[in-house]
Each structure stands twice: as C-alpha cells, then as structure tokens.
Amino acid sequence: MGRFDEVAAPNPLRDPRDRRLPRVPDPCALVVFGVTGDLARKKLIPAVYDLGNRGLLPPGFVLLGFARRDWGDGDFEQLARKAAEQHARTEFREDVWRRIADSVKFVPGSFDDDNAFDQLYQTLVDLEDSHGIAGNAAFYLSIPPAAFPLVLKQLARTRMADSDERAGWRRVVVEKPFGHDLPSSKELNSLVDSVFTAHDVFRIDHYLGKETVQNLLALRFANTLFEPVWNSNFVDSVQITMAEDVGIEGRAGFYDAAGAARDVLQNHLLQLLALTAMEEPVSFDADSLRAEKHKILNAISLPSDLGAHTVRGQYQQGWLGGQRVKGYLAEEGVPEGSTTETYAAVRLGIETRRWAGVPFYLRTGKRLPRRVTEIAVVFKRAPHLPFTKTDTVELGNNQLVVRVQPDEGITLRFGSKAPGSAMEIREVSMDFLYGTAFTESSPEAYERLLLDVLLGDKTLFPDHVEVEASWSVIDPLEQFWQGTTPEPYRSGEWGPQGADAMLAHDGRTWRRP
Ligand code: BG6
C-alpha cells in the first residue's frame, strides 16, 4: 500500500515488564466499518471517548468512519459526539471531546465500491502527514457477517491489509458470532486468514473484556485458598447463568437466524466455562492462556440424553418491571411461527481428571426477571454432619458465586450458627464488592478490548481453535433441536419449566440469582 511507510516512533510509556503502568498504543487509525450501527454508537465510539478521557489514546490517533452515507467529517463528528455524550462510561468533557473531534474523519461509500476503498486508502496515506498515524491501522468490521467477504476483498485489493514492520501494522477486528456453525466458521476463518496474517486477527468476545471475568484468573491463580477445592473431590456442580431482562431490542434480523445458543452459549458462556475449568497457564501471555482453554473446550462432553439435558424456550408476553411486554413472536421483524429459541440451557461435562463427573449447567435467556451474569461453584455437602438433622435444615451446599454483572463481586455462602442458646445452622454470605473494595471504577469491556487491539495484545481474544471447538459443542445441539418447537415461558419468569425439570432430574435446583 503506497506509503504508510514511516517507522512507528518508539513509545516511551510502554514497558511490557510492568503491567501496572498504563499502556498507550502507537499512533494509529481505528477504521470502523458500519459506523452508524448500534454497536458503533453504543459501544465502540463511547469506548474511544473513554480511552481519550483516561489519556490512553496516542497522540496521532484518528477515528475513521466508513459507511454508506452522503456525509463529510463534520456529520460523522456530530454522530460520534452524540454517541459519546449518551453512552460513554466517564463524564463527558468538552475539552476532551475537542481533542478527539479534530481526529474524527469519514469516508463515504458502499462495500462494493472500488473508488470508495481507493479513497479510504488515500485518506490513510494523507493522515500520515496530517495526523502522524505512522502507517498503523486497525479495521473494525462492525458489519453483518455476510458483508465480511466484500470488505476483506477490498482491503486485500488495496493492500491496506498488509502489515509490515517498517511501514506499520494492520489489524482486523471481527465481532462474534464467528460463523453460524463449524463449517461456516472454518470458511470465515480461512477467508480472514487469506487477507490478514493470523497474528493480526482479533476476534472479539466482549465477555473476556469484563473486569470480573478477568478476575476469575486472579481468584483462581493468585490465591492458595480456592485451588485445592477446585475439583471433583469437592465440587458438586457448576452453574453458569447469563440472564437478561431485555428482549431482542429490534435485532430480529440477526437474532431470529441465530437464537440464544448461537448468540450467547457458543461464545460468552463457553468462554466463562473455559476460564472456570482450565488448568493454571504457564504464564499469562496469549498463547499460554489459549493453550489451557483449548484443552477444556476440547474436553467438553454433551449429555448422552440430549432430550433430558437440554432445554430451549421462547418468551411469551408478560410483565417485567411493572410493564407489559410483548411475546417474541409479536416482536417487529420476527417471522410468523418462528421457532427460534430465546432461552437455552444445557448440561455439559468435562472429561478431565479434575472435572470428570461434575456437571456444568449453562443457561441463558431473554426477558428473564433481571439482568444478571454469574458463575456459581456449588460444593458438595460435608460427608458427615455432627449435628442433629433439625440443626441443619436451613443449611444448603456451600457456594462460591462470581458475580460477573451487575453488583460485580464474589459471594461465599456457608453455614453459620444462628445466635441464641439453640443450635441452628443457617446459610450466610460473605461478600466482596468491587464498588466498595476499590475506588477506581471498572472500564467497559469494549474500552479494554479496543485498547488491547491498538496495543496488539491478544491475551483476551479467542483464537480460531477456541471458536471451532465451541461450535463442535453447539452444532449437535442445534441438530438435535432442528424441527422442534421451543417451550414457551412467560416474560418475567425464570425460563421454561423444562429448565427446572432438567435440574430436578439430577436432584438439583437452579440458584435464584
Ligand atoms: C451480545 C448478544 O453478545 O451480548 C446480545 O449478542 C446480548 O444478545 C449481549 O444482549 C449482552 O451483553 P452484556 O454485556 O450486556 O451482558
């Protein structure tokens, strides 16, 4: 690609040995395709603002939007400003925005328009002189997967995808879902790999950018307390829940073709499972972490009776937060009689010495009573209780609950003697809350992940092996469910009855988060 040929200036703030220091990326452009879409407006642009506000954008940073609008830089700047004002995590400050606003650029065009991509190329070249981006560019594909081939082809044709140590780095960011099954994800992967080198491909699963999810690694591997009991000798079962109170939020086009299993189970929940179950990595670099996740994802086993240990549901009308809400089939854009699931639950096993025999129950659903994501490690009952039976009727299994969101933190549930002359043991909670333990608030997932893309740090990004192993878990479920009708559940309730029956079958119950 023509110029783009300056050597990036060494960054004096960047010392890889001390990870407490804020890291500031090299000068660069972040090129966002699909910049008028929801993801860009609600997450990506606000994250750019938050990074700017925290002083984490390099001097020589440009946010470059590309979309099919007859717009100039000023129009895009207005959209970006509004997005930052409405959705940024940190306070909106005029002086911060002024600095970012000078670097907000726009190139109009459609994905099949060679001229528009030539123009994009030329803009990037010009930005080297005007803004000193030093030839570095990250391309964020915030577009429907069907448009990936076209955009990738254009990036290849114009040679904008060619990384070069001297002329600057080029990276591509791909949003989940990566394909819709194993064959399509392989196809997507080889397409991306034919244009960018594997090293420059960043697959985003935003759950990995959440502070509480990263803290799972700290909890497990920085402490002595938990690891000795983190296995089938002590753990009865693990429940991973991602519940949402929202419906499909106007995304029928995408959602109806995906459903809850493809949208959430395949990625967010299997990633949470992998981090909960994996062995200690030899270090926290991307390769070592992924090596351990690969082993777990490849060791997952499906239940032998899929009918008894998988559940899919679809929300009906009901009441949520004091308001009447529509059923899935009445949502705009949902085809009549759709059998797409908005709730999915499954029991998985992990065939390793550490976990053999421990069920991992995963569930996700929309229009459930509240938004909550958590991982509950449920311990076995004590093998012997030196109390009379009545002393312990109020005692359940000990549990360690990692609250991913909201109320980020960790709860330990255990039995304690109730005060008084009698002997009665009741369950109590010990709580760690991010909000009170730390003064800093947690960055948004996209803030962290965007920064990592610009820094070239791949630790929090799944690779294609993880993606493909995850599809290998989901594909048999999808095949089993094909032609079946999801069980209805009323909006505002905790999913279909079949989900309770699934656990009752195993003599267990779901936690009520
Ligand atoms: C996305 C799903 O990946 O995650 C959405 O596509 C879902 O359907 C969203 O609503 C939830 O993210 P979060 O961070 O709000 O839990």
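**View 1. Ser103, a buried serine in a loop.** At 11% relative accessibility, Ser103 counts as buried, because the cut-off for buried is under 20% relative accessible area. Remember, as you explore these views, that this is a predicted model. You will find Ser103 in the loop between α3 and β3. A polar atom of its side chain lies 3.1 Å from the backbone oxygen of Phe61. Leaving aside residues up to four places away in sequence, Ser103 touches Phe61, Val62, Leu63 and His131. Phe61 therefore appears twice in this view, as a neighbour that Ser103 touches and as the owner of that backbone oxygen, while Ser103 itself is buried.

**View 2. Helix α2, from end to end.** How far apart are the end C-alpha atoms of helix α2? Helix α2 covers residues 73-87, which makes 15 residues. At 1.5 Å a residue, these should span 21 Å, and the end C-alpha atoms are indeed 21 Å apart, so the expected and modelled values agree.

**View 3. The two faces of helix α2.** Look for the buried residues of α2: Phe76, Glu77, Leu79, Ala80, Ala83 and Ala84. They sit on the same side of the helix, because they cover an arc of only 165° around its axis. Their packing partners are α1 (38-53), β2 (61-67), α3 (94-101) and β3 (104-108). Now turn to the face pointing away from this buried side, where you can spot the exposed residues Gln78, Lys82 and Gln86.

**View 4. Gln214, a buried glutamine in helix α7.** Is Gln214 buried or exposed? Its relative accessible area is 17%, so Gln214 is buried. This residue belongs to helix α7, which runs over residues 211-221. The side chain of Gln214 reaches the backbone oxygen of Leu208 at 3.4 Å. Not counting residues up to four places away in sequence, Gln214 touches Leu208, Gly209, Arg448 and Leu460.

**View 5. Where domain 1 meets domain 2.** The domain assignment of the chain gives domain 1 (29-175) and domain 2 (209-504). Their C-alpha centres lie 34 Å apart. To the contact between them, domain 1 brings 18 residues and domain 2 brings 12 residues. About 1,400 Å² of area is buried between the two domains, and carbon and sulfur atoms give 69% of it. Which three residues supply 35% of the area that domain 1 buries against domain 2? They are Leu51, Arg89 and Arg171, and their share is more than that of any other three residues.

How values were computed
Residues are numbered from 1 along each chain as its sequence is written. This is a predicted model: local features need pLDDT of at least 70, side-chain atom pairs count only at pLDDT 80 or more; totals for chains, interfaces and linings use all residues. Side-chain values use heavy atoms; hydrogens and water are left out. Helices (H or I, at least four residues) and strands (E, at least two) are DSSP runs, numbered from the N terminus. The expected span of a helix is 1.5 Å times one less than its number of residues. Buried means under 20% relative accessible area, exposed over 50%, partly exposed in between (1.4 Å probe, protein chains only). The arc is that of the directions from the helix axis to the C-beta atoms. Contact means heavy atoms within 4.5 Å. A polar contact is a pair of N or O atoms within 3.5 Å; within protein, one must be able to donate a hydrogen and the other to accept it, and residues adjacent in sequence count only if both atoms are side-chain atoms. Domain bounds come from an automatic or database domain assignment. Buried area is the accessible area (1.4 Å probe) that two parts lose on being put together, summed over both.
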